[in-house]
Amino acid sequence: MEKGKKEVGKMSSEFEELKRKYKILKEAAKVFRVEDKDLPRVIDRFKKELEEMRKS
Amino acid sequence: MVSKKEILQILQKEPEKYWEVDLFEREGFKRKVCPVCGKGFWSIEEIEHCPDPECGEEYGFIGNQIAKKMSYIEVWKKMEDFFIKNGHASIPRYPVLARWRDDIYYNIASIVDFQRFDNGVMVFEYPANPLIVPQVCLRFNDILNVGVTGRHFTAFVMPGQHAFNYPKEGYWKNETIELNFRFLTEVLKIPKEKLVYVEDLWTMPDFSALGPYIETFSLGLELSNSGFMYFTWKDGLKELPMKVVDVGWGLERLAWFSNATLTAYDAVFGDVIDKFLKKAGINVDNELFEEYSRLSGKLNIEDVVDFKAARREIIEKLKIGEKEFVEKIEKIQAMYAILDHTRALAFAISDGGLPSNSGAGYFLRVILRRALNLIEKFGFNVDLGEIAVWHADYLRPIFPELKQNENEIVTVINAEKKKFGESKNRNKRIIEVNYGKPLSTEELVKLYETYGISPEELGLESTKEFYDILNKKHVASIREKKESIEIEPIETTTLYYEPVFEFEAKVLKVKENYVILDKTHFFPRQGGQECDRGFINNCEVEEVIKIGKTVLHKVKNCNLKEGEIVKCKVDKERRMILSKHHSATHIVNYAARKIIGNWVWQAGSNVDVDKARLDITHFENLSEDEIEKIENLANEIVENDLPIEVNVMSRVEAEKKYGFRIYQGGAIPERNVRIVKIGEEVEACSGTHNMLKSTKEIGNILILGTKRIQDGVVRIEFCSGDVALNYLREKEKILREAAEKLGVREDEVIEVSKKLFEEWKKERKRLGK
């Protein structure tokens, strides 16, 4: 690629930070083998089930 | 409908007008008429019939060297020198994949390089005049003859000698045959008495262009065809205003003739044959093979009715057994076929082709698998990738690009080899059940298309009929079905490349919900980019399409009247997102090619507002590492803030300047193309890239996912700019919510999730669940 003026703007830093967080989300979703959008709900379910199992 | 024969008969009434050239009289060529085929021919020596094999002529040059001995490479070099000295420009070959045409997959003749369509009419566009080009052509209609007849190839070089636009430029018959004669007698040193010129007719299949054809023969071998595009047929012969000389030489034939070898392959493949023989440990029985070569024409699949019977007859004539025939003859034939197929694959892959189960790639898979089957059948200790490298080395003086793309050629061949192995394992059971069964050709075609099982794998021979059916099926599907709405053609003034989003126009036609305006700034769906939306008066525009030169606006609840002046508003925000996503598509395409390999080519695209998708040609899905590298490179390009340049130029100029990679989106049916240049990525494209000045305006690119959508095609989905940021912000919210549920910081979510999952599993185990 032709070299132009290299200047990483504000948006890029935000993009990088958001991408880093997205990676965390995807990795965590992989632990439960679910889609990332379902992670909070699945965490809830696992926590509840764990609590119930511990009670019994 | 007139026939070729009828037109030939018309021209034959005046042979001196259509075929005679000054040289014939000067050099003592006399005209005779062949008593077998009725065609006229010109020769110095007294011969009874024309030199066509169908009229009884046999090859008289094998073992009878009358020309100067030159290698395959040397023949081209001498030819190039000769034509340059005689006022021709030597231009590099065009790709074997005819990307500039939408009616053929492969380049089948040198003239194809210069044929283009301009709104449905064939025109010639050429970078120099007159010119010579070492055009590599691929033809797959004679696969079974390759290796067997001694002269058939799937890949061959047709040096094209072309002169255009006579009488304004170029030259005509006298000059063409003069050059032909001088090259053959002065450079190849063929005695003039051994040349014969045969009269025939050259035509386009639809007779849109036709004219005299002069075939040059020597000792039974056709060395060149000189076609003169003189007329068109419209209820009779009508002279074309622009006349074209189309001479197709046969480099394989010239080298064969020059070397007088038993087969053309021996003269063409150079030291690649020696390398193969040495590696495979083959000793050729020259005496037996020579005897066989004289009979090999009888096995031409085009002419033979019963191939098995013809083969049996040859075995009897050679006075050898079946086993000896397989070992001493068919083994050598297999070697020639493997060498040919690998050479064809090397050219195709080097030009961005990829074997697959459909389209252009289908033919590559057929020859690749045929070559692998032959290697297995004869137990050759050779590797296709290795043979491709030998070819690249040998052909380097003419085609250095093969050496430059050597790694990619080998990578693709190896990937395809692996696929074939996997398919064989997967299909073991089906092969066992069907092995040796007398299956019909239709059943064999079905097995090949469904499972990729070739007749050879079932212990059967492939037949011509088998390949013919497959070829027809794949060639027939070449032209895509196009959208059609019946509406009278009204030309719309298109203004959508101007940054104007509110305008007034006159309604010219209303048909149901479709509206035609006298002018429009609404961008229609084209080039993979979704259309603009907005309003015409108070009617919402939900779709915009272009058919020919007419732009149709599909509106909801249409209350517009013909003749009315309307106020139009284009949704600017939508247009900007589409422009950004479209420019991102070009960048992702470039980045994918750089990271994956040269065979990556756009197989399709769709640019919408929520995301864009790009389908690329690649033999396997992308790994996470590859996705990350593509995304990083794409973002580097964005951040480097490179200019986005849009220029309209002639096709021929664009091809000359940027090559054939510009046709990522397919052939362009007009003389002028819109060239979009983003850094090193240059594509002919009708998208609204001019809305952006530089790559930074696209915003960062985020790859959302990839998947293999069909054999040889991988889909990449992505978005950019605010769409990407909003997507990621949504994900950030989800992560925040997950962290809150776990009662930890966002950075700790993975670790704590793992802990939760482990504890959950442990408890389940404890409870025996």
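Start by selecting B:Glu655, which at 7% relative accessibility counts as buried. You are looking at a predicted model, so treat each stop on this tour as a feature of that prediction.

**Stop 1: B:Glu655 and its partner**

Show side chains around B:Glu655 and pick out B:Arg116: the two meet in a salt bridge, 2.5 Å from N to O. Now colour by secondary structure and trace each end of the pair. B:Arg116 sits in strand β4 (residues 115-118) of chain B, while B:Glu655 belongs to helix α21 (residues 651-658) of chain B; the pair links distant parts of the chain, 539 residues apart. Switch on a surface and B:Arg116 turns out to be buried, with a relative accessible area of 0%.

**Stop 2: a salt bridge from a loop to a strand**

Next, select B:Arg525 and B:Glu543, whose side chains form a salt bridge of 3.0 Å, N to O. B:Arg525 is in the loop between β15 (519-520) and β16 (534-536) of chain B, and B:Glu543 is in strand β17 (residues 539-547) of chain B, with 18 residues separating them. Which side of this pair is buried, and which is partly exposed? B:Arg525 is partly exposed, at a relative accessible area of 31%. B:Glu543 is buried because its relative accessible area, 18%, falls under the 20% cut-off.

**Stop 3: a network in chain B**

Move to helix α15 (residues 406-426) of chain B and select B:Glu416 there. At 2% relative accessibility, B:Glu416 counts as buried. Draw a distance to B:Arg365, and you should find a polar contact of 2.5 Å between the two side chains. Leaving aside residues up to four places away in sequence, B:Glu416 touches B:Pro355, B:Arg365, B:Leu368 and B:Arg369. Then widen the selection: B:Glu416 and B:Arg365 are part of a network of salt bridges that also takes in B:Lys419, B:Arg708 and B:Asp711. For the wider count, the model has 61 salt bridges over all chains.

**Stop 4: chain A**

Hide chain B for a moment and look at chain A by itself. Its secondary structure comes to two helices and zero strands. Chain A has 56 residues, of which 38% count as buried. It exposes about 3,700 Å², with carbon and sulfur atoms supplying 50% of that area.

While you are here, select A:Arg41 and A:Asp38, whose side chains meet in a salt bridge of 3.4 Å, N to O. A:Arg41 counts as exposed, at 53% relative accessibility, whereas A:Asp38 is buried, with a relative accessible area of 18%.

**Stop 5: where the two chains meet**

Bring chain B back and select the residues in contact across the boundary: 40 residues of chain A against 50 residues of chain B. How much area do chain A and chain B bury between them? The figure is about 4,300 Å², 63% of it on carbon and sulfur atoms.

For the polar side of the interface, start with A:Arg54 and B:Glu759, which form a salt bridge of 2.7 Å, N to O. The count between chain A and chain B is ten salt bridges. Twelve residue pairs are in polar contact across this interface, counting pairs with both residues at pLDDT 80 or more. On the side of chain A that touches chain B, α1 (10-31) and α2 (39-55) each supply at least two residues. The largest share, 16 residues, comes from α1(A). Colour that side of chain A by residue class and you get 17 nonpolar, four polar and 19 charged residues.

**Stop 6: backbone details in chain B**

Finish with the backbone. Most residues other than glycine have a negative phi, and most peptide bonds are trans. With that in mind, select these places:

- B:Asn129 to B:Pro130: this peptide bond is cis, with omega near -5°. B:Pro130 lies in the loop between β5 (121-124) and β6 (131-138) of chain B.
- B:Tyr166 to B:Pro167: here the peptide bond is cis, with omega near 10°. B:Pro167 is in the loop between β7 (155-166) and α5 (173-187) of chain B.
- B:Leu219: phi is positive, near 45°. This residue is in the loop between β9 (210-218) and β10 (221-233) of chain B, and at 19% relative accessibility B:Leu219 counts as buried.
- B:Lys319: phi is positive again, near 55°. Its place is the loop between α10 (307-318) and α11 (322-350) of chain B, and B:Lys319 is exposed, with a relative accessible area of 75%.

Conventions
Residues numbered from 1 in each chain as written. Chains lettered and ligands numbered in written order. Predicted model: local features only at pLDDT ≥ 70, side-chain atom pairs only at ≥ 80, totals over all residues. Heavy atoms only, no water. Helix = DSSP H or I, 4+ residues; strand = E, 2+ residues; numbered from the N terminus. Buried < 20%, exposed > 50% of the residue type's maximum accessible area, 1.4 Å probe, protein only. Polar contact = N/O pair within 3.5 Å; in protein donor to acceptor, adjacent residues only side chain to side chain. Contact = heavy atoms within 4.5 Å. Areas by Shrake-Rupley, 256 points an atom, 1.4 Å probe, with all protein chains shown as cover. Buried area = accessible area lost by both parts, 1.4 Å probe. Salt bridge = Lys/Arg side-chain N within 4 Å of Asp/Glu carboxyl O. Nonpolar A, V, L, I, M, F, W, Y, C, P; charged D, E, K, R; others polar.
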